[in-house]
Amino acid sequence: AAVIAESRQKCHWQVMPGRLAWTETHESENLPAACTGHALRISGASVRQRNIPRRRGMNCLQENRDRSTLRPRFFAFIFPIQKGGHAQMERYEYPFSALVGQEKLKTALLLNLVEPRLGGVLIQGEKGTAKSTAVRGLAELMDEVEVAEGCPFHCRMDGEALCDECRSSPARRAVPYRRRVVELPVSATEDRVVGTLDLERALKEGVRAFEPGLLAQANGNILYVDEINLLEDHIVDVLLDSAAMGVNTVEREGISYSHPARFILVGTMNPEEGDLRPQLLDRFGLMVEVHGEQEAEARKEVVRRRLAFEENPAAFCARWAPEQEALRRRIGSAQALLPQVSLPEPLFDTVARVCTALQVDGHRADITMLKTARALAALEGRTEAGMEELRRAAELALPHRLRRAPFEQAGDAGIDWEALFYG
């Protein structure tokens, strides 16, 4: 990582994963000198012009007009730029199918890809248990869709949730878009998350315009929050509300703006660093508690695969490509089969009995259990959910909704699920 320290140009630089952008025109082709003392040479054709708002919370460098230098706001990665395109950097994520063990974690994540309306998943567990690795590995399993060209919300022209611009311009050209994992840093401010007023356009053009935030980028994607228990509670509330409603509504400086925000919320946390409030826990559809492998052979296999990946990521990913493709096809088949999966009446009776016996508050748990059972059946290739799918669904949908004593962590508290469903 390099920090852009200084520039003789009067310009603004924005550094984002996968691309570099600037505003205004420049005579020189040199990037500002990095702290390494080197500079990259690029052509003007390889840089896309973009207006960069000057406001708090942006991952950009802002111009200091008094000294004609750039003041760094955050650490930024500098990527090489290819002629005629965005900045590119070969980056490999650890293959999802190469994870050792953690079956419940992998199942919960796959279920959210099959049925995005489950409400996301909260993953809690000790450090070093592949929580973040598993979430980032989902990007390779997500499908490619067609979205409206130039839409900041990635609206799908064949979908119902369209922004105002796409609804008013139905003739927009559709372009392919690979769904991805959008990461929300713990330090993100509310304006950066939900969006805010575009101050640059307000000052230059005298118009009030909306500048989309991370929720706009997350529409149609996975929104991943690492260490979600350290995020401000009101920001977590905003994320959960948007995930539940599928819409982000912003009221700022006299502007009222709404846009689609349908995403899969995934949060990871280490309980040793603090817990989430029960009201927030209940808003997550599923929860998984992960632990390190305790069997010697499994631990050795974890180390072997990780060392092989770090030594040669390209070869390791190529070796696991067939498994990745098979898993991708399995997810696609489950998504197509899901509308055909039925829920027999006895399952409703069992859900009501189990939730009443465990004194679960509200009805969100009942609904989530049945949705999860349907997704499990679809993932297994069945057209009817059974008692076994419902039992597995309960292990994912109920533990974080159980009543707890003060200072007790979320979990199943040693419940015998077999006896509860079959006893």
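## Terms and model

Two strands pair if DSSP finds at least two bridges between them. Strands (E, at least two residues) and helices (H or I, at least four) are DSSP runs, numbered from the N terminus.

This is a predicted model, in which local features need pLDDT of at least 70, side-chain atom pairs count only at pLDDT 80 or more, and totals for chains, interfaces and linings use all residues. Residues are numbered from 1 along each chain as its sequence is written, and side-chain values use heavy atoms, with hydrogens and water left out.

## Strand E17 and its partners

Strand E17 covers residues 264–269, and 6 of its 6 residues are buried (under 20% relative accessible area, 1.4 Å probe, protein chains only). In a regular strand the side chains alternate between the two faces of the sheet. Ile264, Val266 and Thr268 point one way from E17, while Leu265, Gly267 and Met269 point the other way.

Strand E8 (residues 121–125) runs parallel to E17 and is joined to it by 4 bridges; Ile123 has Thr268 as its bridge partner in E17. Strand E14 (residues 222–226) also pairs with E17 in the parallel sense, over 5 bridges, and Val225 is matched there with Gly267 of E17.

## Lining of the second largest pocket

E17 is among the elements that each supply at least two residues of the lining of the second largest pocket, together with helix H1 (103–114), strand E9 (144–148), helix H7 (233–245) and helix H13 (364–379). The largest share, 5 residues, comes from H13.

Conventions: Buried < 20%, exposed > 50% of the residue type's maximum accessible area, 1.4 Å probe, protein only.
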